[in-house]
Amino acid sequence: IRSIMTSVDESTDCPLCLEPFELDDLNFYPCTCGYQVCRFCWHRIRTNENGLCPACRKLYPENPAEYTPVTAEEIQKSKGTRKQKSQGKKRQSQTGNRKNLEGLRVIRKNLVFIMGLPPRLADADVLKRYEYCGKFGRVRSIVINSTEYVGPQGSSLSAYVTYGRGEEAAKAI
């Protein structure tokens, strides 16, 4: 499944720090759920934070679930790929065609992620009220994540709140 997702997604950025994966991060899957983060973020989560996988909330093991060191062959192949990509980018910038934008990541400036949400507030109608998310602007949609995290302060959930404008989301943050 992972190879299918990689070929479709072609995402080479860490979902946490949004930095491009280093070559040796591409074969690094620290959790058994298959959620991929860079080694820097994995180390930061394990040493400075709660030590839990951001996707499935399982405790990260001492050693990564799956890690294949980079071979000399892969390094050479990567160097060749980088040259091809840089030449391709030059061609793309010269053409200015919108089709060339399909590989870009879009950052939604009107989206807010809420963590540590008590179960009593995990209702879209409740969160849309003025006393919660409504006071910052027009709430277009709310998606509550169904995975519940049970920590030392009790159970909590998370939600994505989409505002009408980016300024409203910035105000909420």
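Among contacts in the protein between residues at least 6 apart in sequence, 48% join residues at least 24 apart. This value, like the others reported here, was computed from a predicted model. The secondary structure comprises five helices and six strands, which follow one another along the sequence in the pattern α-β-α-β-α-β-α-β-β-β-α. Of the 173 residues in the protein, 22% are buried, and the accessible surface amounts to about 12,500 Å², with 51% of that area belonging to carbon and sulfur atoms.

Strand β6, which spans residues 154-163, pairs with β3, β4 and β5, as set out in turn below. The pairing of β3 (111-117) with β6 is antiparallel and consists of five bridges, and within this pairing I114 stands opposite A159 of β6. Strand β4, formed by residues 139-144, is likewise joined to β6 by five bridges in an antiparallel arrangement, with V143 placed opposite Y160. The antiparallel pairing of β5 (149-151) with β6 contains three bridges, and here the bridge partner of Y149 is S156 in β6. The connection between β5 and β6 is a hairpin that passes through two residues. Seven of the 10 residues of β6 are buried, so this strand is largely enclosed by the rest of the structure.

The second largest pocket has a volume of about 1,300 Å³. Its lining is made up of 33 residues, of which L16, P54, F113, M115 and Y160 are the closest to the centre of the pocket. Strands β3, β5 and β6 each supply at least two residues of this lining, and the greatest share comes from β6, which gives six residues. Y160 thus appears both among the lining residues closest to the pocket centre and in the pairing of β6 with β4, where Y160 stands opposite V143. When the lining of the second largest pocket is divided by class, 19 residues are nonpolar, 10 are polar and four are charged.

Several loop residues were also examined individually. C56 is located in the loop that runs between α2 (39-48) and β2 (66-67), and, with a relative accessibility of 25%, C56 counts as partly exposed. If residues up to four places away in sequence are set aside, C56 touches C31 and C33. In the case of C31, which is 25 residues from C56 along the chain, the C-alpha atoms of the two residues are separated by 8.7 Å.

Backbone geometry was considered at two further loop positions. Most residues other than glycine have a negative phi, and most peptide bonds are trans. R57, although not a glycine, has a positive phi of about 70 degrees; this residue lies in the loop between α2 and β2, the loop that also holds C56, and counts as partly exposed at 29% relative accessibility. L18 is another residue other than glycine with a positive phi, in this case near 60 degrees. The position of L18 is in the loop between α1 (2-9) and β1 (28-29), and its relative accessible area of 42% makes L18 partly exposed.

Definitions and conventions: Residues are numbered from 1 along each chain as its sequence is written. This is a predicted model: local features need pLDDT of at least 70, side-chain atom pairs count only at pLDDT 80 or more; totals for chains, interfaces and linings use all residues. Side-chain values use heavy atoms; hydrogens and water are left out. Helices (H or I, at least four residues) and strands (E, at least two) are DSSP runs, numbered from the N terminus. Buried means under 20% relative accessible area, exposed over 50%, partly exposed in between (1.4 Å probe, protein chains only). Contact means heavy atoms within 4.5 Å. Accessible areas come from the Shrake-Rupley method with a 1.4 Å probe; for residues, only the protein chains shown count as cover. On a 1 Å grid over the protein atoms alone, a cavity is a set of points where a 1.4 Å probe fits but cannot get out, and a pocket is an open set with protein on both sides within 12 Å along at least five of seven lines; lining residues have an atom within 4 Å of a point. Grid points are joined across faces, edges and corners, and a volume is the space filled by probe spheres set on the points. Ala, Val, Leu, Ile, Met, Phe, Trp, Tyr, Cys and Pro count as nonpolar, Asp, Glu, Lys and Arg as charged, and the others, Gly among them, as polar. Two strands pair if DSSP finds at least two bridges between them.
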